[in-house]
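Colleague: Got a minute to go through this model with me? I'd like to know what stands behind the labels.

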Amino acid sequence: MILEIKDLYVSVEDNIILQGVNLTVKGGETHAIMGPNGTGKSTLASICMGHPKYKIESGDILLDGESIINKTVDERSRMGIFLAMQNPTEVPGVTNFDFVKAALQTRMEEGKHLRVGKFILEFEKASENLKMGKGLAHRFLNQGFSGGEKKRNEILQMQLIKPKFAFLDEIDSGLDVDALRIVGENVTNQKSSDLGLVLITHYQRLLDYIVPDYVHIMINGMIVKTGGKDLIEKIDSEGYDWVKTELGITDFDVRKAPVSLGTCPSKSLK
Ligand SMILES: Nc1ncnc2c1ncn2[C@@H]1O[C@H](COP(=O)(O)OP(=O)(O)O)[C@@H](O)[C@H]1O
Ligand SMILES: [Mg+2]
């Protein structure tokens with residue numbers, strides 16, 4: 001499987017946020033995307049999942065060569081894309097257990113039914129792996145969950161749904177050291193040649209547990225630099241200013257970036 005993001009320009013509320021993103025993720029690969037706040041990392045994850053608020057101005061997203069940009073969120077999900085959200089939504093009225101069960105049921109061939117007994121055992125095993133309290137299964141999805149519980153719950157869903165491409169958006173934020181290790185180990189245990197991972201993070205710590213093959217730096221809605229693990233330490237100790245200096249990137253506020261693609265400042269950088 002291969003996920004290709006091609007020269008993607010994305011706007012939200014008439015502001016261009018992504019300004020020509022190119023990224024290819026193959027099954028088995030782990031990519032980390034790092035970058036200052038507000039540079040479009042979550043926008044990239046959201047647009048790949050099909051969030052209706054974001055609009056593609058130009059470019060394409062291909063899954064195994066097929067464009068997915070006109071597909072709905074649920075279609076993309078069934079095709080194997082998964083997003084662990086930076087801020088998971090609370091869904092009152094739907095239990096955590098029923099939510100994942102419905103997600104799996106809808107992946108089955110018509111007329112086939114999920115074996116509930118087996119699913120219960122799998123759910124319990126995943127909860128145990130993530131050291132989540134038993135009661136969480138029957139509480140409403142994310143409602144009243146602590147920040148850390150919400151993040152673990154996203155990984156629990158990933159374990160059970162078994163996506164082909166997963167975007168994990170700041171899965172480390174709000175986790176204490178022990179929870180970070182548990183989440184990191186669980187994601188690493190799920191690594192396989194059938195899973196392409198995109199980790200969005202600010203911190204080296206997560207990447208100690210989930211080791212990336214590639215590290216990308218995103219600034220001003222573009223991936224401006226790609227390297228290996230050595231980039232992580234440098235960012236951790238020196239931040240992002242050196243990248244800007246090295247590449248001659250001038251600061252501009254993406255929210256004030258012109259909407260017209262012809263006058264997009266990033267175009268001149270390429
Ligand atoms: N739904 C939205 N409505 C308006 N502006 C948004 C929305 N989502 C993101 N933005 C803006 O897009 C920019 C990039 O945001 P985001 O992708 O969340 O950045 P990051 O994840 O890198 O911190 C920010 O300036 C943010 O304010
Ligand atoms: Mg974000």
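**Contacts and labels**

Modeller: Sure. In helix 3, Asn96, Val100, Ala103 and Leu104 meet Asn153, Gln157, Leu160 and Ile161 of helix 5. Keep in mind that this is a predicted model.

Colleague: What makes the residues of that contact nonpolar, polar or charged?

Modeller: They divide into 5 nonpolar, 3 polar and no charged. Val, Ala, Leu and Ile count as nonpolar, while Asn and Gln fall among the others and so are polar.

Colleague: How do the axes of helix 3 and helix 5 cross?

Modeller: Helix 3 (residues 96-105) and helix 5 have axes that come within 10 Å, crossing at roughly 30°. The crossing of helix 3 past helix 5 is right-handed.

Colleague: And what does helix 5 touch in the sheet?

Modeller: First the sheet itself: it is open, with 6 strands in the order 6-9-10-3-11-12 and mixed pairing.

Colleague: Why are strand 6 and strand 12 said to stand at the edges?

Modeller: Strand 6 (81-84) and strand 12 (222-227) each have a single partner strand, so one side of each lacks a neighbour in the sheet. On average, neighbouring strands here are turned by 20° against each other, direction ignored. Back to your helix: helix 5 (residues 147-161) packs on the sheet, where it touches strand 6 and strand 9, and its direction makes about 165° with that of strand 6.

Colleague: How do you know that strand 9 and strand 10 pair?

Modeller: Pairing takes at least two bridges, and 5 bridges join strand 9 (residues 165-169) to strand 10 (residues 196-200). Those two strands run parallel, and alanine 166 stands opposite leucine 197 in strand 10.

Notes
Residues are numbered from 1 along each chain as its sequence is written. Chains are lettered from A and ligands numbered from 1 in the order in which they are written. This is a predicted model: local features need pLDDT of at least 70, side-chain atom pairs count only at pLDDT 80 or more; totals for chains, interfaces and linings use all residues. Helices (H or I, at least four residues) and strands (E, at least two) are DSSP runs, numbered from the N terminus. Axes are lines fitted to C-alpha atoms, for helices over the stretch in contact, and angles run from 0 to 180 degrees between N-to-C directions. Two residues are in contact if their C-beta atoms, placed from the backbone, lie within 7 Å. A crossing is left-handed if the near helix is turned anticlockwise from the far one by less than a right angle, and right-handed if clockwise.
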